[in-house]
Amino acid sequence: MSEPVGTLASISIDCLDTDELARFYSQLLGLQEVFATPDRGVIALAGAGPMLTVMRVASFVPPSWPEGPQRQQLHLDIAVNDLESASAAALALGASKADHQASPEQWLVLLDPAGHPFCLSVVRPD
């Protein structure tokens with residue numbers, strides 16, 4: 001394998017309300033705001049490896065998952081110890097449960113406040 005060109009620094013998520021989405025992911029994942037543009041159109045959160053950046057897009061259309069005209073562009077898998085307690089906490093922070101659940105005993109699909117799907121999962125790489 002050759003030397004990498006670089007390392008993954010950030011994963012960016014489009015939305016209409018950056019403050020709302022930054023607050024949600026900050027509380028969900030225990031992240032800290034480390035950067036924001038003066039207009040708060042871009043907010044970067046750190047504390048979980050690569051930064052998670054939320055970016056305001058005026059023409060943002062929430063994903064319609066798993067089917068529909070606006071498919072998900074990406075989703076996050078979040079490792080948890082207990083799906084029930086983790087989902088209750090995420091719902092209390094503003095997430096909602098997705099209608100479609102392919103394998104809810106292993107991956108529980110939730111939607112963040114901007115409509116992006118993300119999974120709480122007991123499946124871990126180790």
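Colleague: Where is Asp-112 found?

Modeller: Asp-112 is in the loop that runs from β7 (107–111) to β8. The model is predicted, and everything said here refers to that model.

Colleague: Why is Asp-112 said to have no salt bridge?

Modeller: A salt bridge needs a side-chain nitrogen of Lys or Arg within 4 Å of a carboxyl oxygen of Asp or Glu. For Asp-112, the nearest side chain of opposite charge is Arg-23, 13 Å away. The criterion is therefore not met. Asp-112 is nevertheless buried.

Colleague: What does Asp-112 touch, beyond residues up to four places away in sequence?

Modeller: Its contacts are Leu-21, Phe-24, Tyr-25 and Phe-118. Leu-21, Tyr-25 and Phe-118 are also among the residues that touch the most other members of the largest nonpolar core.

Colleague: What makes a group of residues a nonpolar core, and which members touch the most others?

Modeller: The members must be buried residues of the nonpolar kinds, joined through side-chain atoms within 4.5 Å. The largest such core has 25 residues, and those touching the most other members are Leu-21, Tyr-25, Leu-28, Ala-90, Leu-110, Phe-118 and Leu-120. Two or more residues each come from β1 (10–15), α1 (18–29), β3 (42–46), β4 (51–56), β5 (76–79), α2 (83–93), β7 and β8. Helix α1 gives the largest share, 5 residues. In soluble globular proteins, nonpolar side chains tend to be buried together.

Colleague: Which residues are in contact with Leu-28, leaving aside neighbours within four places in sequence?

Modeller: Leu-28 is in contact with Ile-78, Ala-90, Leu-93 and Phe-118.

Colleague: Why is Leu-45 called buried or exposed, whichever applies?

Modeller: The relative accessible area of Leu-45 is 2%, and buried means under 20%. Leu-45 is therefore buried. Leu-45 lies in strand β3.

Colleague: How do you know what Leu-45 is in contact with away from its sequence neighbours?

Modeller: Contact is counted for heavy atoms within 4.5 Å. With neighbours within four places left aside, the list for Leu-45 is Ala-22, Tyr-25, Ser-26, Leu-31, Gln-32, Glu-33, Val-34, Met-51 and Leu-52. As for Ala-22, the C-alpha atoms of Leu-45 and Ala-22 are 7.3 Å apart, with their positions 23 residues apart in sequence.

Colleague: How many salt bridges does the structure hold, and what makes Asp-19 and Arg-40 a pair of this kind?

Modeller: There are 2 salt bridges. In the pair of Asp-19 and Arg-40, the closest N and O atoms are 2.6 Å apart; the cut-off is 4 Å, so the pair qualifies. Because Asp-19 is in helix α1 and Arg-40 in the loop between β2 (32–36) and β3, the pair ties together parts 21 residues apart in sequence.

Colleague: What makes Glu-33 part of a network?

Modeller: Glu-33 also forms a salt bridge with Arg-40, at 2.9 Å from N to O. Shared partners join Asp-19, Glu-33 and Arg-40 into one network.

Colleague: Why are these three classed as they are for exposure?

Modeller: The relative accessible area is 29% for Asp-19, 25% for Arg-40 and 42% for Glu-33. Partly exposed lies between the limits of 20% and 50%, so Asp-19, Arg-40 and Glu-33 are each partly exposed.

Colleague: What stands out about the phi of Arg-40?

Modeller: It is near 60°, a positive value in a residue other than glycine. Most residues other than glycine have a negative phi.

Colleague: Why does Arg-56 count as partly exposed?

Modeller: Its relative accessible area is 39%, between 20% and 50%, so Arg-56 is partly exposed. Arg-56 is in strand β4, and its C-alpha is 5.9 Å from that of Asp-14, 42 residues away along the chain. Contacts of Arg-56 beyond four places in sequence include Asp-39, Arg-40 and Gly-41.

Colleague: Which residues make the nonpolar surface patch, and what makes Trp-107 eligible?

Modeller: The patch consists of Trp-107, Val-122 and Val-123 and covers about 220 Å². Patch residues need over 30% relative accessible area, and Trp-107 has 32%, so it passes that limit. Val-123 passes too, because its value is 39%. Trp-107 is in strand β7, Val-123 in the segment after β8 (117–121), and Trp-107 touches Val-123.

Conventions:
Residues numbered from 1 in each chain as written. Predicted model: local features only at pLDDT ≥ 70, side-chain atom pairs only at ≥ 80, totals over all residues. Heavy atoms only, no water. Patch = residues over 30% accessible without salt bridge, like charges linked within 9 Å, V, L, I, M, F, W, Y side chains within 5 Å. Areas by Shrake-Rupley, 256 points an atom, 1.4 Å probe, with all protein chains shown as cover. Helix = DSSP H or I, 4+ residues; strand = E, 2+ residues; numbered from the N terminus. Buried < 20%, exposed > 50% of the residue type's maximum accessible area, 1.4 Å probe, protein only. Lys, Arg positive; Asp, Glu negative; His and termini not counted.
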